[in-house]
Amino acid sequence: MSRRLDSRRFGRRDALRHGGALLGGMALAGVAPRAFAQAPARIRFGGYVESQEQLKQTLATLKAYTDRNPGVEIVPEFTNFGAFTDKLATEAAGGNAPDMFSVNVDLLGEYARRGVLTPLNPWIPKPLDLSDYVDGAIKAGTLKGELFAVPNDCIAPAITLKPAVFEETGVPLPDQMWTWEQMAETAVAISKEKGPRFWGLEDAGANYIPCDIFMRSRGKSMFTPERQFGFDREDMAEWFAYWARLRDAGGVPPGEIQALATGDDLALTGLISGRAAMFPSLTDNFAGLQALTEDPLELHMLPNGFQGGTLTQHHYTYAGNSTGLWSKSPHQDRMVDIIRFMHFEPAGIELYYRGSGMVPASKSGRAALAKEGTDSDRKILAYIDLLQQNPAAPRYPGVTGMTNMLRRANEAVAFGKMTPQQAADQFIGEAKARL
C-alpha cells in the first residue's frame, strides 16, 4: 500500500477480507523521543483481529509506542484468523515469520514445538509480571512449563442472543444452567413462532469450542492435556447428529442458508442479518456483534449437560489471542518492550483495551475496564466473572485447522452427502493426521 490506513474510513469488512497483505505496507514510525538503549528496529507484527474495533485500537496502541520511540518502525499485518494462519504457515515454513505475531492455544502448540516461537521465561517477572493474570489464559500460552506467548485477552465460550426475540415470541429466556435438549427445544419454539426464514439458533456444528463443551457435557473433551483425542467416534457422531436433528426440526437453518454465514465476517451471521436469535460463539465476538446492531445483545452459557444427568459448569476462560516472538528475530528485547507497553503502561492499556471488545487477562486490567469501559465491556466482564466463580478445567491444545475440518464434515451431513457416523470418521481422520 502506498498510503497510510485511515481507520475512520477503513471498513470492518475490508479489514477482514483482504488477507495478510492488508496492512503489510503500512509502517508506524516513531517521531517523539524516549530513552531506550537499543538500536533502531523495523518490526513486523502479524496477527488476527475479531472486529474493526479491535483493529482500530491495536493500530492506535502501536502508533503510540512508535511515537515514544524514535527509530522504531512497526509494520502491522493484521487480518482475520483464517487468512492470518494461512499466511503464517507459509512464512514460517520459509523461515520468514513475522517478528512478533498472534497465536491461540492450537497455534502455540504447533509453532512452539517447531521452534518458531521463543520461550519468554527470561523476561518474567521483569519486565513482564503476569502474576495476576487469569490462570486459564496463562496456561493457553504455556507448553511443558515454558511460556511462549503473553495473553492479550481473556475469553470464554458463550451464546450471544437477542432478548427482544424472546420477548416478541413469548419463548422463555432460559436459565444459565440448561441442557442441550432445552437449547434445541428453545430454538425450535422460536423458529415456529417467527415463521419462515427465521431460526432460533445458528448451526454451530462447525464450531470447535461449542463442540468441546458438548464433549465435556458427556464426560469427555476434544483433546487431553497430552494433546490426544479426549472423545470416541460415537461422541463425534452424536455431535453431528445433534445438529442434523435440529436442522430437520427447523431449529437451525438448512445447509444452503447456514453457508451464507461461513467465514469470519460477523456482519454475515444470522444474528446480525436478521435470521437467527442465538449465535454460539465466544465472548471476544460480543463487542463486534453489538456494534453491528441497534438491538441489545446478551451473553448466555452454552448447555452444561443432558436431560436426566447432572448439570455441571463446563465453561472455561482462556486467551483467544496471545502475542509470541519469532525465535530468529534480532529484536526480541525491543518486542518484549512493545508487549510491556501494551499490557503494563497506563497509556498503552488505555488504548489497547478501551472500546476494542477485548477483556484483559489481568485482574487489575479487568477492574479498570469495569469502571471505565463500555456497556459491552461490562457485559463481557460480568459473564466472565460468573464463569470464574466455578471455572472448568482449561482448554487443551489441539491442532490447527479444526474449524475447517468440522465445517467440511458438518456441511456434508447438512447437504445429505454423509451420515453423522461418516462425518465423524472423516473429521477424526483429518485431525489425527495432524496430531
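These notebook entries record what I looked up in one predicted protein model.

**Basis**

I worked from a predicted model, in which local features need pLDDT of at least 70, side-chain atom pairs count only at pLDDT 80 or more, and totals for chains, interfaces and linings use all residues. Residues are numbered from 1 along each chain as its sequence is written, and side-chain values use heavy atoms, with hydrogens and water left out.

**Overall form**

I looked up the secondary structure and found 18 helices and 14 strands. Helices (H or I, at least four residues) and strands (E, at least two) are DSSP runs, numbered from the N terminus. The C-alpha atoms fill a box of roughly 65 × 45 × 40 Å along the principal axes. I then checked the radius of gyration: the protein has 21 Å, which agrees with the value near 22 Å for a compact globule of 435 residues. This radius is taken over C-alpha atoms, and the globule rule is 2.2 Å times the number of residues to the power 0.38.

**Helix α14 and its partners**

I examined α13 (residues 332-344) against α14 (residues 346-353) and noted an angle of about 75 degrees, with the axes 5 Å apart. Axes are lines fitted to C-alpha atoms, for helices over the stretch in contact, and angles run from 0 to 180 degrees between N-to-C directions. The two helices, α13 and α14, are therefore roughly perpendicular to each other. For such labels, angles under 35 degrees count as roughly parallel, over 145 as roughly antiparallel, 65 to 115 as roughly perpendicular and the rest as oblique.

In this pair, F341, M342, H343 and F344 of α13 meet P346, A347, G348, I349, Y352 and Y353 of α14, contact meaning heavy atoms within 4.5 Å. I recorded 8 nonpolar, 2 polar and no charged residues for the contact of α13 with α14. In this division Ala, Val, Leu, Ile, Met, Phe, Trp, Tyr, Cys and Pro count as nonpolar, Asp, Glu, Lys and Arg as charged, and the others, Gly among them, as polar.

Next I took α2 with α14, whose axes come within 7 Å and cross at roughly 155 degrees. Hence α2 and α14 are roughly antiparallel to each other. Q57, T58, A60, T61, A64 and R68 of α2 make the contact with A347, G348, L351 and Y352 of α14. The classes for α2 with α14 are 5 nonpolar, 4 polar and 1 charged.

**Cavities**

I found 3 cavities of 30 Å³ or more; the largest holds about 50 Å³ of space. On a 1 Å grid over the protein atoms alone, a cavity is a set of points where a 1.4 Å probe fits but cannot get out, and a pocket is an open set with protein on both sides within 12 Å along at least five of seven lines; lining residues have an atom within 4 Å of a point. Grid points are joined across faces, edges and corners, and a volume is the space filled by probe spheres set on the points.

The lining of the largest cavity includes T58, M342 and Y352. Both β2 (41-48) and α2 (52-68) supply at least two residues each to this lining. I recorded 6 nonpolar, 6 polar and no charged residues there.

**Second largest pocket**

I noted a volume of about 240 Å³ for the second largest pocket. Of its 14 lining residues, K139, T142, L143, P225 and P397 lie nearest the centre. With 3 residues, α5 gives the most to the lining of this pocket. By class the lining has 6 nonpolar, 2 polar and 6 charged residues.

**Backbone details**

I found a cis peptide bond from I124 to P125, with omega near 10 degrees, and another cis bond from K126 to P127, with omega near 5 degrees. P125 lies in the loop between α4 (105-113) and α5, and P127 is placed in the loop between α4 and α5. R197 has a positive phi of about 70 degrees although it is not a glycine; I located R197 in the loop between α7 (180-194) and β9 (199-201).
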